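User: Please take a close look at the surroundings of the bound ligands in this model. I would like one connected account that I can follow alongside the structure.

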Amino acid sequence: MAEYPHLLAPLDLGFTTLKNRVLMGSMHTGLEETKDWNRVAEFYAARARGEVALMVTGGIGPNLEGSVLPGAAMMVSDQDVANHRIVTDRVHAAGGKIAMQILHAGRYAYGPKCVAPSAIKSPISPFAPAELDEAGIEKQISDIVTCAARAREAGYDGVEIMGSEGYFLNQFLVTHTNKRQDCWGGSYENRMRLPIEVVRRVRAAVGTDFILIYRLSMIDLVPNGSTHDEVVQLAQEIEKAGTTIINTGIGWHEARIPTIATSVPRAAFAWVTKKLMGKVGIPVITSNRINTPEVAEEVLATGCADMVSMARPMLADADFVVKAMQGKSNQIAPCIACNQACLDHTFSGKISSCLVNPRACYETELRITPTTTPKSVAVVGAGPAGLSTAITAAERGHQVTLFDQAEEIGGQLNMAKQVPGKEEFWGLVDWYRTRVDTTGIKLSLGKTVRAEDLAGYDEVVIATGVVPRDPGIKGQTAPTVVSYIDVLRGKVEVGPRVAIVGAGGIGFDVAEFLVHKGVSPTESLPDWMREWGVTDPAEHRAGLAPEGPQPEPAARQVTLLQRKAEKPGKRLGKTTGWIHRAALTMKGVKMIAGVNYERVEDGGLLVSFGEGRETPTLIEADTIVLCAGQLPERTLADALAEGGTACHVIGGADVAAELDAKRAIDQGTRLAAQL
Ligand code: FAD
Ligand code: NAP
Ligand code: SF4
């Protein structure tokens, strides 16, 4: 408590009290759609046991036309009420509180029946919405109100009305999407009529002793979005209409400015929420890129908000708040804001989980239980695969020895953390180090393990990772040709003009590393805002700087090459690939697809195009960096197999193709759960 006095202070709402200032923000995990209500209940109950003060569910549709997707969860029937009751009962039994988010997606609803204030298609959806008439608007209000009343019947402690991120209610607020001439469009008073009416009627339906959170878009980050004055006016009106708490929304989904990715500075938008503080009489919650108790405490202590919303950090560690209460912040599994297992899954129709915590949303399936037969376990390789095996096995009660030939744990994560915008990987490696220490693992560093070193263990796990693929380009032994490993470890000088062979995740990261100099914008909020063209919404509508993005000039001239004819970066993360492409484009990086590598020449790299190897072109470069993918490092696994020693092979040592830390950690954890 002494460490985080603001974060752990209760919040009195009059008719009820929240035990601390942590809200678990809404996340669409896909769990509700599994219809396995025991699984849904266990997911939320685990976070309730972890002492989160109030949780908000994923968005639940009030009707078919407003649902995000066909088949998405709705609250429209007695059966829905009964299903949700399983969740609320379990959360209450665990001492928690939970609110249901009512999400009407408007023109973002992914289906031909979507509706909106005006018939304007969104740039991120193939479906043009139908413009609502007066009766249609009344139906939407009435469906939202009925949905809220059913939420109360199902035992929820409150509802959150989703009014931000460019969804239905947000679409009425701004001329970007509302071109109506009737009483729902035109003046701002008319455009905000719908959100106010919704809040007023929901409050009337649910009574006074029920939490009503309104998620309000405080900086739209799209053209013709709201001004700060309009945000304040709306906040004051929805307070009068019966809102209990205002939560912050940042940016519309169609905005071309990153708002939660790992390259966004921590608590990057808390200052936006702060602008509303003192202008309303109800508590205000801030959000986005808050992922440690220290950052949350700072945000509250500096008066940016009354409460913080953390969503993904609660996937990474269900016990976030408990550990903060116990002064064990360094044991909290950190959300690195990668989106790889949460949002990327959501947008690929898969159930969410978490890269650092594969148990997230799999609580009922992936159980880590104490072993009844403790064994001696050798794990070779302290990258993410080996670390997750070693830590999970040790937690279960096995005697674990973890080896790595390097002088530090982390494997390739130690290269990832060097990339500007990936600073969160430092915290991930630090967390692993703490977990190794606290679980009593015997750590052996700085020695290459051979087969004969592994005699006498009950179980041997090989997690030796990968080796770079040799692309076999003519002339690649020239001193100008280097590996990404040497570049990221700072072992070679890189010239002013660079050609990168391979435009996978590592090629993109190496390009990012080479175009930057000095402090990473992720570490400097003013630089980051300038880089992406974000400004104060009190000065410029929607927080868009009129001059647009103003990136620092690139430190080097970089050309990124690939053989496939497809768009470079197409296979990067679903929700983050566009950010990597945009960031490099802003830095003037040339991306060339469909090349054949002919040979390394004095002035650079000669490439040609097409099957006929036409249009020979010299890519002028002082340095050529090879990022041509990776192959499994199986020297040790093969030697053990030859000697007849059984072993488990995981991570990159198992399959290098399309390997990432998510797969490595998941595989390592699942193996250890069974040892
Ligand atoms: P590794 O991390 O390669 O670890 C293997 C370990 O085994 C090494 O530490 C090595 O020293 C040790 N070892 C090998 N042989 C022996 C031996 N005989 N004796 C003792 N020790 C041995 N993934 C993501 O999911 N998201 C990202 O954003 C991301 N960014 C990346 C950025 C960069 C620049 C790089 C290089 C990788 C990135 N990755 C990312 C990929 C991710 O780091 C790898 O997929 C992951 O580290 C593979 O885990 P691993 O445990 O299988 O192997
Ligand atoms: P990768 O994504 O498989 O990319 C390898 C690149 O090398 C591709 O562009 C490929 O394109 C090229 N290539 C393959 N064989 C080649 C050859 N023989 N000669 C020349 N070029 C060749 O691998 P990576 O970039 O090394 O990344 C390794 C893993 O780390 C990936 O699975 C990735 O998911 C993960 N990672 C993830 C992130 C992240 O942000 N999520 C970041 C970094 C790394 P062409 O074959 O078309 O030339
Ligand atoms: Fe955070 Fe990445 Fe886990 Fe999502 S997958 S919760 S962004 S660490």
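Analyst: **The surroundings of the two ligands**

Sorted by class, the residues that form the shell around ligand 1 are 15 nonpolar, eleven polar and six charged. The model is a predicted one, and the values that follow are computed from it.

In total, 32 residues surround ligand 1, and the closest of them are Q340, D404, K422, G652 and A661. One of these, G652, also makes a polar contact through its backbone: its N or O atom is 2.7 Å from an oxygen atom of ligand 1. The backbone of Q412 likewise places an N or O atom 2.9 Å from an oxygen atom of ligand 1. At A385, a polar backbone atom is 3.0 Å from an oxygen atom of ligand 1. How much of ligand 1 does the protein bury? Taken alone, ligand 1 exposes 990 Å², and 91% of that is buried by the protein.

Four elements give two or more residues each to this shell: α14 (384-396), α15 (413-416), α18 (505-515) and α22 (661-674). In terms of domains, at least three residues of the shell around ligand 1 come from domain 2 (376-468 + 632-674), and at least three from domain 3 (481-517 + 552-628).

Ligand 2 can be described in the same order. Around ligand 2 there are 20 residues, of which A503, I506, R563, K564 and L659 come nearest. By class, the shell around ligand 2 has seven nonpolar, seven polar and six charged residues.

L659, one of the nearest residues, has a polar backbone atom 2.6 Å from an oxygen atom of ligand 2. From the backbone of G504, an N or O atom lies 3.3 Å from an oxygen atom of ligand 2. K422, which is among the closest residues to ligand 1, has a polar side-chain atom 3.3 Å from an oxygen atom of ligand 2. On its own, ligand 2 has 890 Å² of accessible area, and the protein covers 77% of it.

The element that gives the most to the shell around ligand 2 is α18, with three residues. Where does ligand 2 lie with respect to domain 2 and domain 3? Both domain 2 (376-468 + 632-674) and domain 3 (481-517 + 552-628) give residues to its shell, so ligand 2 lies between them.

Some features elsewhere in the chain complete the account, beginning with the aromatic residues. A pair of aromatic rings is described by the distance of the centres and the angle of the planes. The count of aromatic pairs comes to seven. In one of them, the ring centres of F43 and Y44 are 4.9 Å apart and the planes stand at 75°, so this pair is edge-to-face. F43 counts as buried because its relative accessibility is 1%, under the 20% cut-off. Y44 is also buried, with a relative accessible area of 1%.

Another pair is formed by F168 and F172, whose ring centres are 5.3 Å apart with planes at 80°; this pair is therefore edge-to-face. These two residues are four apart in helix α5 (residues 168-173), so about one helical turn separates them. Both F168 and F172 are buried.

A last point concerns T16, which lies in the loop between β1 (11-12) and β2 (17-18). T16 is buried, with a relative accessible area of 17%. The C-alpha atoms of T16 and F210 are separated by 8.7 Å, whereas along the chain these residues are 194 residues apart.

Conventions. Residues are numbered from 1 along each chain as its sequence is written. Chains are lettered from A and ligands numbered from 1 in the order in which they are written. This is a predicted model: local features need pLDDT of at least 70, side-chain atom pairs count only at pLDDT 80 or more; totals for chains, interfaces and linings use all residues. Side-chain values use heavy atoms; hydrogens and water are left out. A residue is near a molecule or strand if one of its heavy atoms lies within 4 Å of it. A polar contact is a pair of N or O atoms within 3.5 Å; within protein, one must be able to donate a hydrogen and the other to accept it, and residues adjacent in sequence count only if both atoms are side-chain atoms. Accessible areas come from the Shrake-Rupley method with a 1.4 Å probe; for residues, only the protein chains shown count as cover. Ala, Val, Leu, Ile, Met, Phe, Trp, Tyr, Cys and Pro count as nonpolar, Asp, Glu, Lys and Arg as charged, and the others, Gly among them, as polar. Domain bounds come from an automatic or database domain assignment. Rings of Phe, Tyr and Trp (its six-membered ring) pair if their centres lie within 6.5 Å; planes under 30 degrees apart count as stacked, over 60 as edge-to-face and the rest as tilted. Buried means under 20% relative accessible area, exposed over 50%, partly exposed in between (1.4 Å probe, protein chains only).
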